[in-house]
Amino acid sequence: MLKNLQSDISIITLNNDDNTDKKNDFSNDSSDDKNLKNNTKIDEIDSDDNVEEISTIKIYSRIRPSKYKVPNRYWIVKPEEDVLNDEKPLPKIGFLIPRSESQGLINNQKEKHEFKFDRVFDKDTKQEEIFDVVAKDVVLSVLDGYNGTIFAYGQTGSGKTFTITGGAERYEDRGIIPRSLQFIFKEIQKRTDCEYSINISYLEIYNENGYDLLDSSREAKKLEDLPKVYLMEDDENRIHIRNLASIPAVNEEEALNLLFIGDTNRVISETPSNPESSRSHCIFIITVVCKRQGHDAIRKSKLHLVDLAGSERVAKTQIGGTLLKEAKYINLSLHYLEQVIIALHEKALGKRQHIPYRNSMMTSVLRDSLGGNCKTTMIATIAVEPELIEVIIKN
Ligand SMILES: Nc1ncnc2c1ncn2[C@@H]1O[C@H](COP(=O)(O)OP(=O)(O)OP(=O)(O)O)[C@@H](O)[C@H]1O
């Protein structure tokens, strides 16, 4: 029996055992519910089956070009310049927040703030390089049978959607989703040992409610008109996503068309309060099914490309009503995501076992695609206009 997890939220089956190696093995059972069961090993996989990788979540940052002549309030420290630091050399980005004179001349307010990343992409970085460094490895590992997730995180207007989906004006501006689709369809042509099939889903999460963006009825005029997606849990505590379309795409063009349908629904049904800013999380899911030549067994893996809602905190005194409700949901779901990422890091270090996936719809949906040997990357997009730098530091 399936029981509802959240009052009116959202089936693709998700792994539940936090301790498992998350490579999806070949299975003879093609049903969605059984297909992703952990370690139902039916057929050997030739590559790196026995390699239990330590979970490493790579975190990158990307600076958005500014429309203004920006005063030099940020800097990038290359790892080789950071000679005093004996930890693993990583690049850093620093921000200067001048002391507020309103607090008097003598105050100890910190002015310089530095943050480490696996790599910092400066404002001139092209979309191609972002795909090559941030996404290609994750996409390749999905084709090898692992689940993977790429997040874009940052304040409103800092370039999350540009990074994940891309800009509409120039072909070279296409983002991680269209480039991943192109890469996947090219790569599966080369891999002749397996018959691949690709399915696409597109989920929007607004105020902890899930909506299916691949609705092609063209009747949606607002978010609530889209089919609602539900999380359910079965007797074995496995979580399923109900009512989310998973549509086959036989080539890149069909897959891009589905992206287009989803993005159109995203625009038409923009969240009520602020058309300028995404107040919802959007997850583009590419499911790769591989059937070995001459075998009945199939293997299924998933790539989640996540455009998170703007991360800025809104002072409670300045807003109310719908805006306050949205801000609470966004902050809470980002907080739960942060908790999961911290827990995964601690688990990789052997310090804990339990990962608190159940707290939010997003972490529940992503639970089989984070940690273990799933490849996960996050790209923090940053806008460096002075007023926005202060937002970064406060968050
Ligand atoms: N690296 C970049 N190069 C050129 N233009 C960019 C870049 N990043 C963002 N932009 C432009 O900046 C504007 C805001 O970017 P975008 O919509 O991606 O921000 P966002 O973080 O997704 O914002 P929101 O949270 O409000 O949805 C867009 O016009 C986008 O085309």
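This is a tour of one predicted model, stop by stop, with a selection to make at each.

**Before selecting anything**

Residue numbers start from 1 along each chain, following the sequence as written. Because the model is predicted, local features are given for pLDDT of at least 70 and side-chain atom pairs for pLDDT 80 or more, while totals for chains, interfaces and linings use all residues.

**Stop 1: the whole protein, coloured by pLDDT**

Show the whole protein and colour by pLDDT, the predictor's confidence in each residue on a scale from 0 to 100. The mean pLDDT is 79, and 74% of the residues reach 70 or more. Now select residues 1-20, where the pLDDT is below 50; beyond near neighbours in sequence, this stretch has 70 contacts in the model. A contact here is a pair of residues with C-beta atoms, placed from the backbone, within 7 Å. Next select residues 30-53: pLDDT stays under 50 there too, and the model has 42 contacts for this stretch beyond four places in sequence. Where pLDDT is low, the predicted coordinates should not be read in detail. For the model as a whole, the scores are ipTM 0.98 and pTM 0.83.

Switch to a cartoon view. The protein has 8 helices and 15 strands. Both are DSSP runs numbered from the N terminus: helices are H or I with at least four residues, strands are E with at least two. Of the 395 residues in the protein, 39% are buried. Buried is the word for a residue with 20 or more other C-beta atoms within 10 Å of its own, exposed for 12 or fewer, and partly exposed for in between, with C-beta atoms placed from the backbone.

**Stop 2: the ligand**

Select the ligand and the residues near it, that is, those whose C-beta atom, placed from the backbone, lies within 6 Å. Which of the 15 residues around the ligand come nearest? They are Gly-159, Lys-160, Thr-161, Phe-162 and Ser-278. Helix α3, residues 160-164, gives the most to this shell, with 3 residues. By type, the shell divides into 2 nonpolar, 11 polar and 2 charged residues. In this count Ala, Val, Leu, Ile, Met, Phe, Trp, Tyr, Cys and Pro are nonpolar, Asp, Glu, Lys and Arg are charged, and the others, Gly among them, are polar.

Stay on Gly-159, in the loop between β7 (148-154) and α3. Is Gly-159 buried or exposed? Gly-159 is buried, because 22 other C-beta atoms lie within 10 Å. Leaving out residues up to four places away in sequence, Gly-159 touches Arg-62, Arg-64, Gly-154 and Thr-381.

**Stop 3: helix α4**

Select Ile-184, which sits in helix α4 (residues 176-190). Ile-184 counts as buried because it has 22 C-beta neighbours inside 10 Å. Residues up to four places away aside, it touches Val-139, Leu-143, Ile-198, Ile-286 and Val-288. Add Ser-301 to the selection: it is 117 residues from Ile-184 along the chain, and their C-alpha atoms are separated by 13 Å.

**Stop 4: strands β8, β9 and β10**

Select strand β9, residues 209-212. Both of its faces are covered: Asn-209 and Tyr-211 on one side, and Gly-210 and Asp-212 on the other, are all buried. Add β8 (residues 194-206), which runs antiparallel to β9 and is joined to it by 4 bridges. Two strands pair if DSSP finds at least two bridges between them. Leu-203 stands opposite Asp-212 in β9. Then add β10 (residues 228-233), also antiparallel to β9 and joined to it by 2 bridges. Here Tyr-211 stands opposite Lys-228.

The hairpin of β8 and β9 has 2 residues between the strands. Asn-207 lies in this loop and has a positive phi of about 50° although it is not a glycine. Glu-208 lies in the loop as well, with a positive phi near 65°. Asn-207 is partly exposed, with 17 other C-beta atoms within 10 Å. Glu-208 is also partly exposed, with 17 such atoms.

**Stop 5: an open sheet**

Finally, select β3, β4 and β5, an open sheet of 3 strands in the order β3-β4-β5, paired antiparallel. β3 (74-77) and β5 (112-116) stand at the edges with a single partner strand each, so one side of each has no neighbour in the sheet. Between β3 and β4 (residues 92-96) there are 4 bridges; the partner of Tyr-74 in β4 is Phe-95.

Methods. Contact = placed C-beta atoms within 7 Å.
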